[in-house]
Amino acid sequence: MNRRSFLLAGAAMLSPLRPAAAQQPGHSMHGMSGMDMGGGHVPAAIPALPEGAFLPDLPRLANRSQQAGVFEAELTAAPASASFVPGLATPILAYNGIAPGPVIEVFEGDRVSITFRNRLPDQESTIHWHGLPVPADQDGNPKSPVRAGDERTYSFELPIGSAGTYWYHPHPHGKTASQVYRGLAGAFVVKATDDPIPATYGDTLLVFTDLRLAPVGTMPESTMADLMNGRVGDHVLVNGQKNPVLTVAQGELRRLRLLNATNARFLRLSLAGANITLIGSDGGLLETPVADVDELFLAPAERLEIVARFDRPGTVSLRTLAYDRGWMGPNRPDEAGMDLLTVRVTEGLASSQPSLPGRLRPIRDLGQPAVTRRFVFTETMSMSAGGMEMGFLINGAAFDMNRVDVASKAGQVELWEIANQADMDHPFHLHGTQFQIVERESEGRVTKPAFRALKDTVNVRRGETVRILLRQDLPGPRMYHCHILEHEDLGMMGLVNVEA
Ligand SMILES: [Cu+2]
């Protein structure tokens with residue numbers, strides 16, 4: 001049974017499937033023309049990518065300011081060409097010609113000013129500073145599009161305490177998914193002025209992206225299965241390379257920052273043979289290190305910081321483990337057993353390094369919430385005059401830029417309850433602030449997190465309810481949405497207006 005008949009059989013009807021959001025005013029089908037409704041990609045035709053190159057250090061975005069505490073730069077989004085397979089040119093979209101985009105590296109306390117030039121043909125775009133506490137009008141959300149050919153400057157100051165691993169990516173209305181999978185995403189690292197992690201651990205960034213190539217080297221348009229499940233590629237790249245090699249000395253401690261910059265891939269990872277201590281999450285360091293972690297989980301858009309120690313000489317693989325996130329239709333990709341990164345541990349002990357401090361930083365207790373809000377994620381399939389509709393909804397509604405879903409107040413502590421009543425996991429992301437997970441509830445069982453962490457994205461498993469505590473300090477409109485980018489584009493997004 002092919003994908004389309006499987007989907008239609010469930011609904012016992014024969015007209016074409018279409019995403020519900022596409023039929024609403026303000027939503028459109030751009031980027032979906034030429035969509036492959038039936039077959040999907042053929043595994044036998046996947047071009048092989050070269051593996052085993054040294055892990056590239058991603059280029060940094062150059063600071064053109066001479067002034068201390070000021071970072072000024074330009075980012076231009078434009079079509080470019082990449083060579084993933086020797087002899088095949090792949091048209092991509094790139095920031096300053098490269099994908100992933102250049103790493104933005106600044107210090108907490110810095111004033112940042114970045115001029116964005118949109119040189120994408122015929123497409124609006126924005127730059128969203130994912131996870132950073134920037135003012136609402138500098139947040140690059142879909143309410144402030146930059147038209148093709150235009151430019152704008154984003155300016156913000158990064159407060160002390162905001163050190164962490166963030167990222168930047170487009171967030172235009174309905175076009176985010178295709179712009180990101182074609183290459184527009186980059187890491188944004190805010191360094192601490194007084195970092196408790198010893199500098200001898202280094203600072204290695206691992207940016208995960210997902211790639212699907214047609215036999216001719218192009219990136220195929222998304223299929224209906226991609227829109228329903230989120231687009232998952234055939235290759236997971238680290239810093240733009242397939243299974244690159246990192247060399248370390250035996251006994252060496254290394255600081256690694258992991259960023260899941262894929263549209264829709266859930267990364268459950270093991271690094272068997274290494275000793276892993278978790279030190280940070282989306283919004284920076286934890287309060288205390290969490291030792292002896294045996295696997296890592298990154299939903300789309302999540303980040304983790306770890307310190308890894310490699311005690312035995314030889315080879316260690318960062319490998320994907322099976323994870324069932326719910327899949328609609330056949331051809332569920334086999335996501336387990338992929339080697340994403342190979343670590344070569346050389347013989348002979350590394351020179352001694354300072355040990356990790358027992359306390360990293362305090363994370364503020366937000367106190368009791370003044371209000372509680374509930375957000376219910378659902379997927380719907382229904383009939384309409386135009387055919388079959390697929391909907392990705394929050395509280396029964398698809399995103400409408402001109403509707404305020406929640407009126408909030410700056411400085412008010414709120415408990416948000418996100419209930420996933422759908423058949424797939426949906427990673428929830430909120431703009432403008434970092435939240436803390438209070439508890440998770442599944443099948444009547446409530447579990448509290450083992451440690452306090454600052455988060456801007458949390459996976460909500462199907463059937464699960466996650467309760468988070470948050471406070472928005474800056475006024476203005478903010479988005480919250482599923483970070484499977486196809487679901488976001490199809491309407492699984494809402495708007496909270498924070499009043500001063
Ligand atoms: Cu989703």
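Start by selecting Arg-364, Thr-433, Gln-434, Leu-454 and Asp-473: of the 23 residues that line the second largest pocket, these lie nearest its centre. Keep in mind as you look around that this is a predicted model. The pocket you have just opened, the second largest, has a volume of about 540 Å³. Colour its lining by class and you should find 10 nonpolar, 9 polar and 4 charged residues.

**Stop two: the largest pocket**

Now select Phe-297, Glu-302, Ile-437, Arg-440 and Phe-451. They lie nearest the centre of the largest pocket, which has 26 lining residues. About 870 Å³ of space lies here. To see where the walls come from, show the strands S16 (274–281), S18 (296–298), S19 (303–310), S27 (436–442) and S29 (457–460); each of these supplies at least two residues of the lining. What does the lining of this pocket look like by class? Here the count is 13 nonpolar, 3 polar and 10 charged residues.

**Stop three: the copper site**

Next, pick the copper ion and display His-426, Cys-482 and His-487. The copper is coordinated by ND1 of His-426, SG of Cys-482 and ND1 of His-487, at 2.0 to 2.1 Å. If you follow these donors along the chain, their spacing reads H-x55-C-x4-H.

Are the coordinating residues buried or exposed? Switch on a surface and check them one by one. Cys-482 has 0% relative accessibility, so it counts as buried. His-487 is buried as well, with a relative accessible area of 0%. For His-426 the relative accessible area is again 0%, and this residue too is buried. The cut-off behind these calls is a relative accessible area under 20%.

Stay with His-426 for a moment and turn on the cartoon: this residue sits in strand S26 (residues 426–430). Which side chain makes a polar contact with the side chain of His-426? Select Glu-379, whose side chain is 2.8 Å away in that contact. Then widen the view to the other contacts of His-426, leaving out neighbours within four places in sequence. Among them are Phe-377, Phe-392, Asn-420, Val-458, Asn-459, Val-460 and Met-492. Cys-482 and His-487 are in contact with His-426 too, and you have already met both as ligands of the copper ion.

**Stop four: the cavities**

Time to look at enclosed space. The structure holds 2 cavities of 30 Å³ or more, and the largest has a volume of about 230 Å³. To find this largest cavity, select Val-180, Tyr-181, Gly-183, Thr-209 and Asp-210, which lie nearest its centre among 23 lining residues. Helix H2 (176–181) and strand S10 each supply at least two residues of the lining, and S10 gives the largest share, 3 residues. By class, the lining of the largest cavity divides into 13 nonpolar, 6 polar and 4 charged residues.

**Last stop: Thr-200**

Finally, select Thr-200, in the loop between strand S9 (186–191) and strand S10 (204–211). With a relative accessible area of 47%, Thr-200 is partly exposed. Which residues does Thr-200 touch, not counting those up to four places away in sequence? Select Leu-253, Gln-353 and Pro-354 to see them. Draw a distance from Thr-200 to Leu-253: C-alpha to C-alpha they are 8.1 Å apart in space, although 53 residues apart in sequence.

Terms used: Residues are numbered from 1 along each chain as its sequence is written. This is a predicted model: local features need pLDDT of at least 70, side-chain atom pairs count only at pLDDT 80 or more; totals for chains, interfaces and linings use all residues. Side-chain values use heavy atoms; hydrogens and water are left out. Donors are N, O and S atoms within 2.8 Å of the metal (3.2 Å for Na, K and Ca); water is not among the atoms, so sites may look incomplete. Buried means under 20% relative accessible area, exposed over 50%, partly exposed in between (1.4 Å probe, protein chains only). Helices (H or I, at least four residues) and strands (E, at least two) are DSSP runs, numbered from the N terminus. A polar contact is a pair of N or O atoms within 3.5 Å; within protein, one must be able to donate a hydrogen and the other to accept it, and residues adjacent in sequence count only if both atoms are side-chain atoms. Contact means heavy atoms within 4.5 Å. On a 1 Å grid over the protein atoms alone, a cavity is a set of points where a 1.4 Å probe fits but cannot get out, and a pocket is an open set with protein on both sides within 12 Å along at least five of seven lines; lining residues have an atom within 4 Å of a point. Grid points are joined across faces, edges and corners, and a volume is the space filled by probe spheres set on the points. Ala, Val, Leu, Ile, Met, Phe, Trp, Tyr, Cys and Pro count as nonpolar, Asp, Glu, Lys and Arg as charged, and the others, Gly among them, as polar.
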